[in-house]
Amino acid sequence: MDKQVQKIIICNTCNIPLALGKVTLSYLGNEFPVELFKCPQCGLVYIPEELAKGKMDQVEKALEDK
Amino acid sequence: MEQKALKEREQQCIQEQPPGCTAACPVHVDVRGMVAAIQKEDYKAGGQLLYNMVPFPRIISRICDQPCQQACKRQEIDEAIAVNELEKSCVDNSKELTLKITPMPPKDKTIAIIGAGLSGLTAAVELGKKGYNVVIFEAKKLVGGSIWDISEHRLPRQNIAEDFAILKRIPLEINLHVIVNNHKNSKMSLDHISAAFDAVYLATGCIEANTHYWGLALDVGGRIAIHPATLATSVPNVFAGGSLYLGPDRKSPITSISHGKIAANSIDRFLQNASLTASREKEGPFTSLLYTNIAGVEPQTKVRSADPNQGYTTEEAVKEAKRCLLCECLECVKVCEYLAHFHAYPKRYVREVYNNLSIVMGVHHANKMINACNLCGLCEQVCPGNLNMGEICQEARRIMVKKGKMPPRVHDFALRDMQFSTSEKFAFSRHQPGFASSSTVFFPGCQLSASSPEHVKSMYQFLCKKITDGVGLMLGCCGIPADWAGQENLFKETIKAIEDSWRKLGSPRVITGCPTCYSIFKREWPSMDVESIWTVLDKIGLPDQKKEPHTSLKLVVHDTCTTRHEAALQQSIRKILHTLGHQVEELENSNEFTECCGYGGLMLFANKEIAHKMIKKRSQQSENDFLTYCAMCRDNFASQGKRSYHLLDLIFPTRQQDVASKKGPGYSERQENRARLKRTLQKEVWGELADKEQCNVKLIISEKVQQVLEELMILDSDIIAVISHAEHTGNKFKNMENNSYIASFKPASVTYWVEYSPQEDSFLVHNAYSHRLEIKGS
Ligand code: SF4
Ligand code: SF4
Ligand code: SF4
Ligand SMILES: [Zn+2]
C-alpha cells in the first residue's frame with residue numbers, strides 16, 4: 001500500500017508525490033510522533049482509510065478507556 | 001447520588017442470597033451446587049460440597065433430619081427435593097472424599113469438650129483445626145454418643161468408622177469413661193474443669209435430666225440458660241449446645257453439628273477477646289430473601305427409589321436432581337438483553353460500575369457496560385428489590401462526564417444531532433397566525449419532525465382547527481439525549497431554553513407529539529400543564545377519516561418505555577385504534593412492563609450490537625405488525641425488517657405504498673427534514689421569509705456510499721464542509737489513478753476525509769471516513 005501511495009497520490013497544490021515524514025498525532029492530552037505520508041513541500045498530511053479505520057481507531061478506543 | 005450511595009444500591013439485588021434450602025440448613029450446605037453436580041453425574045464434587053460444611057458427611061448423609069426441605073422452593077409447587085437422599089448418592093458414589101486441613105500454628109490454649117457426640121466432636125475438630133489443644137471427656141466407652149442407637153441398617157458402622165478417621169488427623173486427647181460430676185472439690189466437677197481449662201464446651205446430650213448438677217444459671221423453664229446465637233452460659237468460659245440444649249423433643253443431628261461449629265467460633269472469639277455477638281446473624285438457619293419465579297414450572301412428584309432399602313440408583317438420583325429449580329432470581333436478566341449480554345447480574349454490575357468510577361490509573365473496563373444500558377427501567381419493574389440499573393448507569397455517566405472520563409465517541413454524534421435541533425436550523429416558536437396569545441402550544445419533538453414532517457404539519461393544522469383560542473407551535477428538542485448521555489449542564493441549558501420560549505408564549509398548555517418529550521416535561525416542570533397528543537385526540541376526536549375502503553389491521557401495540565407508567569396515555573392509544581377500527585393484540589410485556597426499542601439511553605449509538613439484539617428479540621414476540629406511537633420506536637423496528645406503523649400513519653394515511661415496511665430516513669435526511677419542516681411552516685403558515693437553503697455544493701451519492709456514511713454516522717453536511725474547504729483552499733490530494741480528489745476537514749472534534757470527483761456542477765462522492773486523533777503538524 002505504501003508504494004501505491006507514493007506512486008499514485010500527489011499533493012494538488014504542489015503537484016509532487018508524497019513522502020514519509022514526521023507527524024505528531026494527539027488525542028485527549030496524549031501526543032505521539034509517527035511517520036506518515038505528507039507533501040514534502042507544503043506539509044499536508046495524508047491519512048489513508050486503512051489507517052483511520054485500523055490502527056488509529058484502536059489507539060483512540062484505548063485512550064478513551066484510560 | 002454519590003458514588004457511595006450508588007454502591008449501596010447493590011444491596012437491592014438479592015441474586016447472591018442463598019436458596020431457601022441452604023439458608024435453612026443449619027450448616028448451609030450448598031445444596032444447589034451439589035444438585036447441579038449430580039445433574040452432571042459428578043458425585044464427588046457434590047459430596048465434597050457436603051464435606052466442606054459437615055465434618056462427618058458419611059454419617060449425616062444417612063441420618064439428617066433435613067430442615068432444608070421446609071424452605072425448598074419446590075414445595076410451593078409439589079414436593080421438596082429429596083436433599084438427604086441425594087447427599088447419600090453423592091457419598092455412596094464417590095470413591096473417596098477428603099477434607100483438606102490447613103495446619104495452623106499451635107496455640108497455647110486448651111479447651112475441654114464434655115461429651116463426644118456429634119456436637120462435641122464437631123467442636124473438637126473445628127477447634128483442633130484452628131490449632132487449639134483439645135481434651136475430650138466422654139462418659140461412655142466410645143465416642144459418637146447417640147448415633148450408636150441408630151440401627152446398623154440405617155447407619156452402617158463402616159460410615160461411622162470412615163468419618164471418625166478424621167479424629168486421628170487432628171491432635172485430640174480423648175478420655176473415655178469419664179463422668180463429669182458436681183461434687184465440690186472433685187477434679188471432675190464442671191467448676192474445676194472450667195477453672196483448669198481456658199474454655200469448655202458442654203455437649204452431653206439429653207441424658208442429664210437434673211441440670212442443677214452443673215451449677216450453671218437456669219432459665220425460667222428450669223433448663224440451663226444458653227444464649228441462642230452464641231451458646232454462652234452464665235459462666236463466661238463455658239458454652240453449651242447440642243441435644244443438651246435442644247432437649248429430647250427437638251433432637252436434630254444436623255443442628256447438633258451446627259452447634260458444635262457455633263460453639264467453636266464462640267470459644268475462638270472468647271479467647272481472642274473478640275465480640276461474641278457481632279455479625280453472627282447468618283450462623284445457623286435463617287430465612288433467605290432470594291426470589292425465584294416459579295410461574296410455568298410443571299409439577300413433578302419426588303422420585304421414589306425402586307428399592308427403598310438401597311436408596312436412589314444413579315439414574316434415580318439424576319432424575320430427582322433435575323427436579324431442583326437451582327433457585328436464583330435473574331428476573332431482570334431474563335427480560336433484558338443488555339443485562340444478559342454481560343453475563344452477570346446487577347449486584348455484580350453495580351460493583352463493577354463502582355470500581356470503574358474509582359479507578360484513577362488504568363483501563364476502565366466497565367465503560368462499555370455503563371454506556372450500553374438503555375435506561376428504560378424495566379429491571380426495576382420486575383425486580384423484587386426494585387433495583388433500577390438504568391438509574392445507576394445514568395448516574396455513573398454523569399460522574400464520568402464531570403470527571404472528564406466519558407469516552408467522546410459514545411455520545412458525540414447524538415449530541416451534535418440534538419444541537420442541530422436546538423439551533424436556529426430547527427428551533428422555532430410562534431403564536432398561531434392571527435393570534436396574539438396561545439391557549440395551547442404544540443411541541444411535536446425533534447424525532448417525529450425528522451421521521452414524519454408531513455404528519456407534524458397535518459397535526460398542527462388539525463389542532464388549530466379544533467382548538468379555537470390560539471394554538472402556538474414550538475419546534476425543538478426536549479433535551480433527552482443530553483440527559484441520557486449524563487451531560488447535566490447541557491441538559492439544563494436545553495430545558496431552560498425551552499422553558500424561556502414557552503414563557504414568552506405566555507406559558508400555555510403544552511401538547512407533545514412525542515411520548516418522550518412528554519415524560520421529560522412532566523418530570524422537569526411538575527407545574528406545567530402538559531398533555532400527550534394521544535390523550536388529547538382521545539378527547540377532542542380524530543381528524544375525519546377518508547371514506548375510502550378501509551382495511552382493519554391486526555396490530556400489536558409496542559408501548560414506549562419512557563412512558564411506561566402513563567396508564568392513561570396507553571389507554572388512549574388502544575381507544576384510538578379501536579375507533580379507527582383496528583384489532584389490538586397485546587404483547588406479554590406491555591404497558592408498565594414494556595421493553596425498549598433499542599434507542600433509549602442512546603444505546604443505539606453506544607452499542608449497536610446489543611441494540612439490534614433487543615430489536616430482534618422484541619420483533620419476534622409477535623408475527624403481526626407493530627403499532628408504535630414514538631417515531632424512534634417505529635423507525636428502529638422498521639430498520640431491522642419488522643413491519644411497524646406509527647399511529648399517525650393510520651390517522652393521516654398518505655398515498656404511500658406499504659408504510660409499515662418503509663425504512664426511516666437516514667441521519668442526514670432526518671436533519672434535512674427538520675430544517676425543511678421549519679422552512680415550509682414558516683413560509684406556508686406564517687407567510688414569513690424563510691432562510692434560504694444554504695447549499696451551493698451539490699452531492700451525488702450512490703446508495704452504496706450512502707450506506708457507508710450511515711454506518712459511520714457521517715452526514716452530508718460534513719461532506720459538504722470537507723469539499724467546500726478543499727475547493728476553497730486547494731488543500732487536497734489527487735489520486736492519479738482515477739483522477740479523484742482526497743481531502744479532509746475537522747469542523748469540531750472529528751476529522752472527516754472524503755474521496756470525490758467534480759462532475760459538472762456537482763460532486764460525486766466515492767468514499768468517506770473519519771478519525772478522532774488530531775494531526776498536530778509536522
Ligand atoms: S445437611 Fe441436612 S439440612 Fe443441610 S442440606 Fe443436607 S439434608 Fe439439608
Ligand atoms: S428447588 Fe433446589 S435450589 Fe431451590 S430450594 Fe429446593 S433444593 Fe434448594
Ligand atoms: S431482578 Fe435482577 S436486580 Fe433484582 S434481585 Fe433479581 S437479579 Fe437482582
Ligand atoms: Zn504540497
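What arrangement do the 4 donor atoms make around the zinc ion (ligand 4)? Keep that in mind as we go through this predicted model.

**Stop 1: the zinc ion**

Select ligand 4, the zinc ion, and show the side chains of A:Cys11, A:Cys14, A:Cys39 and A:Cys42. Each of these cysteines offers its SG atom as a donor, and the distances to the zinc ion run from 2.2 to 2.4 Å. Now look at the angles: the donor atoms subtend 106 to 113° around the zinc ion, so the arrangement is tetrahedral. For four donors to count as tetrahedral, all angles must lie between 85 and 135 degrees.

Next, find those cysteines along the sequence of chain A. Their spacing follows the pattern C-x2-C-x24-C-x2-C. A:Cys11 sits in strand β1 (residues 9-11), while A:Cys42 is in the loop between β3 (30-38) and α2 (49-64), so this pair ties together parts of chain A that are 31 residues apart in sequence.

Is A:Cys11 buried or exposed? Turn on a surface and check: A:Cys11 is buried, with 0% relative accessible area. A:Cys42 has 42% relative accessibility, so A:Cys42 counts as partly exposed; that class covers values from 20% to 50%.

**Stop 2: the wider stretch of chain A**

Zoom out and colour residues 9-66 of chain A. UniProt, in an unreviewed entry, gives this stretch the feature "domain: DUF7479". Over these residues the chain is 28% helix and 36% strand. Pick the C-alpha atoms at the two ends of the stretch and you'll find them 36 Å apart.

**Stop 3: ligand 3**

Hop over to ligand 3 and bring up the residues around it. On chain B they include B:Cys13, B:Ile14, B:Gln15, B:Cys329, B:Cys332 and B:Cys383. Two prolines to click on in this shell are B:Pro346 and B:Pro384. Sorted by class, the shell has 9 nonpolar, 1 polar and 1 charged residues.

**Stop 4: chain B as a whole**

Now select all of chain B, with its 34 helices and 20 strands. Its radius of gyration is 37 Å, well over the 28 Å that the globule rule gives for 778 residues, so chain B is more spread out than a compact globule. Rotate the C-alpha trace and you can follow spans of about 115 × 70 × 50 Å along the principal axes. Of the 778 residues, 54% count as buried.

**Last stop: B:His646**

Finish at B:His646, in strand β14 (residues 644-646) of chain B. B:His646 is buried, at 3% relative accessible area. Then draw a line from B:His646 to B:Val200: 446 residues separate them in sequence, and their C-alpha atoms are 78 Å apart.

Notes: Residues numbered from 1 in each chain as written. Chains lettered and ligands numbered in written order. Predicted model: local features only at pLDDT ≥ 70, side-chain atom pairs only at ≥ 80, totals over all residues. Heavy atoms only, no water. Donors = N, O, S within 2.8 Å, 3.2 Å for Na, K, Ca; no water. Tetrahedral: all angles 85-135°; square planar, octahedral: opposite > 155°, others 65-115°. Helix = DSSP H or I, 4+ residues; strand = E, 2+ residues; numbered from the N terminus. Buried < 20%, exposed > 50% of the residue type's maximum accessible area, 1.4 Å probe, protein only. UniProt positions renumbered as here; feature names shortened; annotations may be inferred. Near = heavy atom within 4 Å. Nonpolar A, V, L, I, M, F, W, Y, C, P; charged D, E, K, R; others polar. Rg over C-alpha atoms; globule rule 2.2 N^0.38 Å.
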